[in-house]
Amino acid sequence: MPIKVPDNLPAKEILNNENIFVMDESVAYHQDIRPLRIAILNLMPTKETTETQLLRLIGNTPLQVEIVLIHPRTHTSKNTSAEHLKAFYKTFDDISDQYYDGMIITGAPVEHLPFEQVDYWDELKEIMDWSVRRVTSTLHICWASQAGLYHHYGVPKYDLPEKYSGYFRIRSRSRTCRCCGASTKRSLSPNPAIRRCAGKISRRCLNSKFCRNRRKRAFISSLRRTAGKFLSPAMPSTIR
Ligand SMILES: CC(C)(COP(=O)(O)OP(=O)(O)OC[C@H]1O[C@@H](n2cnc3c(N)ncnc32)[C@H](O)[C@@H]1OP(=O)(O)O)[C@@H](O)C(=O)NCCC(=O)NCCSC(=O)CCC(=O)O
């Protein structure tokens, strides 16, 4: 979240140079204060467990957060009841005219399937394209990060002999890229599957000079701490 400071405070420039988002009082004064709006596209078979895990983390803030749960219309869930989906979930068609501050796309146990054999692949592609236009920042978890890299950047996934998860050293190629949010160049990042793929691809990242020049290498986790919570092995049910 941006820090609100008095107009013209000298620290503002220093913090901006450290890539910390600082907002003038005058700008903050004109902001409409409203809940943070986050859409969760829940692709997991264990939907109720995943809801609890994510909401536990998202709820740990004094901010009001408005959540909308979405499930893929083009997939018939075997493990979640139709009643649960009807009561608590919307489909993409219901929300496609909205804007969101954030979106989370969960993993799914489909990592061994070619993307095109996932029965909601076309719908997911449409949602990912929409998220670039309508969502400020999208976090892709587990398989969704592979799907995002493939769809947005044409980066394929590779089968590994066994699950490869843990915290890996990543190297930010830019100190100023907001996506990395890093004041240090090297850091640890959680990564459930592919070594060079971690966390989130953000529109802000795509727009930065660094990422424009090196799109296919922009696999650096932003929101490291948040992604750390979401992707860490402390959530065993999302990691086989
Ligand atoms: C829920 C169960 C017990 C169900 O196992 P079963 O062996 O009976 O399988 P199943 O019911 O036939 O299918 C399980 C799920 O696979 C997905 N699925 C299978 N084939 C699919 C296809 N062609 N298109 C789309 N989805 C498909 C669906 O989400 C489906 O659940 P629905 O029809 O209900 O939707 C298990 O999947 C489980 O324990 N899951 C919890 C852990 C988990 O899911 N981990 C995923 C890691 S997350 C990840 O992203 C991994 C990425 C990575 O490691 O690289």
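Why does the span of helix 3 (residues 47-58) agree with what its twelve residues should give? At 1.5 Å a residue, helix 3 should span 16 Å, and its end C-alpha atoms are indeed 16 Å apart. The expected span here is 1.5 Å times one less than the number of residues in the helix.

**Before selecting anything**

The model is predicted, so local features need pLDDT of at least 70 and side-chain atom pairs count only at pLDDT 80 or more, while totals for chains, interfaces and linings use all residues. Residues are numbered from 1 along each chain as its sequence is written, and side-chain values use heavy atoms, with hydrogens and water left out.

**The whole chain**

Display the chain as a ribbon. The chain holds ten helices and nine strands; helices (H or I, at least four residues) and strands (E, at least two) are DSSP runs numbered from the N terminus. Of its 240 residues, 46% count as buried, where buried means under 20% relative accessible area, exposed over 50%, and partly exposed in between, with a 1.4 Å probe and protein chains only.

Next, colour by pLDDT, the predictor's confidence in each residue from 0 to 100. The mean for the chain is 74, and 64% of the residues reach 70 or more. Confidence is highest in helix 5, at 98, and lowest in helix 10 (residues 224-231), at a mean of 38. Over residues 192-240 pLDDT stays under 50. Where pLDDT is low, the predicted coordinates should not be read in detail.

**The sheet**

Select strands 3 to 7. They form an open sheet of five strands in the order 5-4-3-6-7, with parallel pairing. Strand 5 (89-90) and strand 7 stand at the edges with a single partner strand each, so one side of each has no neighbour in the sheet. Two strands pair if DSSP finds at least two bridges between them.

At one edge, two bridges join strand 4 to strand 5, and Leu 69 stands opposite Tyr 89 in strand 5. At the other edge, strand 6 and strand 7 pair over five bridges in the parallel sense; there, Ile 105 stands opposite His 140 in strand 7. Strand 7 (residues 135-140) is mostly covered, with five of its six residues buried.

**The nonpolar cores**

Now show side chains. A nonpolar core is a set of buried Ala, Val, Leu, Ile, Met, Phe, Trp, Tyr and Cys residues joined through side-chain atoms within 4.5 Å. The largest has 24 residues, of which Met 103, Leu 124 and Trp 143 touch the most other members. Elements that each supply at least two residues include strand 3 (36-41), strand 6 (100-105) and helix 7 (143-153). The largest share, five residues, comes from helix 6.

Centre the view on Met 103. Leaving aside neighbours within four places in sequence, Met 103 is in contact (heavy atoms within 4.5 Å) with residues including Ala 39, Ile 70, Ile 127, Trp 130 and Leu 139. Apart from the largest core lies another, of eleven residues, among them Ile 40, Leu 54, Leu 85 and Ile 104.

**Two last stops**

Return to helix 3, where Lys 47, Thr 50, Glu 51, Gln 53, Leu 54 and Ile 58 are buried. An α-helix has 3.6 residues a turn, so residues three or four places apart point the same way.

Finally, select Asp 94 in helix 5. At 48% relative accessibility, Asp 94 counts as partly exposed. The C-alpha atoms of Asp 94 and Ile 70 are separated by 9.1 Å, although these residues are 24 apart along the chain.
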